[in-house]
Amino acid sequence: MEKAFHFDSPAEVYKADACVLSCFDYRFILAIRKFLRRRGLGAVDHIQIPGSAKALAAPDRESDRDFVLSMVCASVRLHASERMLILGHNECGAYPGASPETVAADVARAAEIVRAAEPSLTVECYFCDFDGVYRIS
Ligand SMILES: [Zn+2]
């Protein structure tokens with residue numbers, strides 16, 4: 001291998017502050033990063049997939065749900081995550097024409113699926129809009 005970039009990364013295994021599931025939509029990446037930091041969540045296992053909660057709540061293929069759940073379980077097993085945040089967002093390409101309420105309902109449904117699979121996790125639900133991040137109750 002040929003070194004393409006030098007950067008010193010920490011070598012010790014960490015305990016994750018949270019496992020985070022969000023869409024990969026770049027428009028919300030900075031807001032999510034700042035939101036997590038504001039809540040004191042630095043070391044996160046961030047699962048970024050198009051549609052976020054859709055892969056759990058309304059997957060195109062059943063195998064999508066299993067794959068995402070396996071990532072969540074890996075975060076618990078490898079990095080002792082005790083907390084999970086699931087974030088949906090407005091104008092998501094995985095939800096063409098859908099209302100924020102529809103996306104929020106899928107986030108809540110995804111949270112129930114995670115709680116059933118990993119009862120040890122505390123799961124929080126959020127919706128990212130263009131003016132900030134909203135808690136889904
Ligand atoms: Zn999206």
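## A cavity inside

Let's start with the enclosed space in this predicted model. There is one cavity of 30 Å³ or more, and the largest cavity holds about 40 Å³ of space. Rolling a probe the size of a water molecule over the atoms is what shows where empty space is left.

Who sits around the largest cavity? Its lining is made up of H89, N90, E91, C92, Y95, A98, S99, P100, V103 and F127. Sorted by class, that lining has six nonpolar, three polar and one charged residues.

## The zinc site

Two names from the cavity lining, H89 and C92, turn up again at the zinc ion. Which atoms hold the zinc ion? The donors are SG of C23, NE2 of H89 and SG of C92, at 2.0 to 2.3 Å. Along the chain, the donor residues are spaced C-x65-H-x2-C.

C23 belongs to the loop between β1 and α1, while C92 belongs to the loop between β3 (83-89) and α4 (100-117), so this pair ties together parts that are 69 residues apart in sequence. Both cysteines are tucked away from the surface: C23 is buried at 6% relative accessibility, and C92 is buried at 5%.

## Cysteines without a bridge

A disulfide is a covalent bond between the sulfur atoms of two cysteines. How many disulfides does the structure hold? The count is zero.

Take C128 as an example. C128 is in no disulfide, and the nearest cysteine sulfur, that of C23, is 9.5 Å away. For a disulfide, the two sulfur atoms would have to be within 2.5 Å. C128 also counts as buried, at 1% relative accessibility.

## Aromatic pairs

The structure has three aromatic pairs; here are two of them. A pair of rings is described by the distance of the centres and the angle of the planes. In the pair of F5 and F7, the ring centres are 6.3 Å apart and the planes are at 10°, so the pair is stacked. Are these two residues buried or exposed? F5 is exposed, with 64% relative accessible area, and F7 is exposed as well, at 59%.

Now for F28 and F130. Their ring centres are 5.1 Å apart with the planes at 40°, so this pair is tilted. F28 lies in the loop between β1 (18-22) and α1 (29-38), and F130 in the loop between β4 (122-129) and β5 (132-135), so the pair ties together parts that are 102 residues apart in sequence. As for their surroundings, F28 is buried at 3% relative accessibility, whereas F130 is partly exposed at 46%.

## Two open pockets

The largest pocket has a volume of about 220 Å³. It is lined by 14 residues, and P50, A55, D60, R61 and D64 are the ones nearest its centre. Both α2 (54-57) and α3 (62-79) supply at least two residues of this lining, with α3 giving the largest share, four residues. By class, the lining splits into nine nonpolar, one polar and four charged residues.

The second largest pocket comes in at about 170 Å³. Its walls are formed by I29, I32, R33, L36, R37, L41, G42, V44, H46 and Q48. Here α1 and β2 (44-48) are the elements that give two or more residues. Which one gives the most? That is α1, with five residues. The class count for this lining is five nonpolar, three polar and two charged residues.

Technical notes:
Residues are numbered from 1 along each chain as its sequence is written. This is a predicted model: local features need pLDDT of at least 70, side-chain atom pairs count only at pLDDT 80 or more; totals for chains, interfaces and linings use all residues. Side-chain values use heavy atoms; hydrogens and water are left out. Rings of Phe, Tyr and Trp (its six-membered ring) pair if their centres lie within 6.5 Å; planes under 30 degrees apart count as stacked, over 60 as edge-to-face and the rest as tilted. Buried means under 20% relative accessible area, exposed over 50%, partly exposed in between (1.4 Å probe, protein chains only). On a 1 Å grid over the protein atoms alone, a cavity is a set of points where a 1.4 Å probe fits but cannot get out, and a pocket is an open set with protein on both sides within 12 Å along at least five of seven lines; lining residues have an atom within 4 Å of a point. Grid points are joined across faces, edges and corners, and a volume is the space filled by probe spheres set on the points. Ala, Val, Leu, Ile, Met, Phe, Trp, Tyr, Cys and Pro count as nonpolar, Asp, Glu, Lys and Arg as charged, and the others, Gly among them, as polar. Donors are N, O and S atoms within 2.8 Å of the metal (3.2 Å for Na, K and Ca); water is not among the atoms, so sites may look incomplete.
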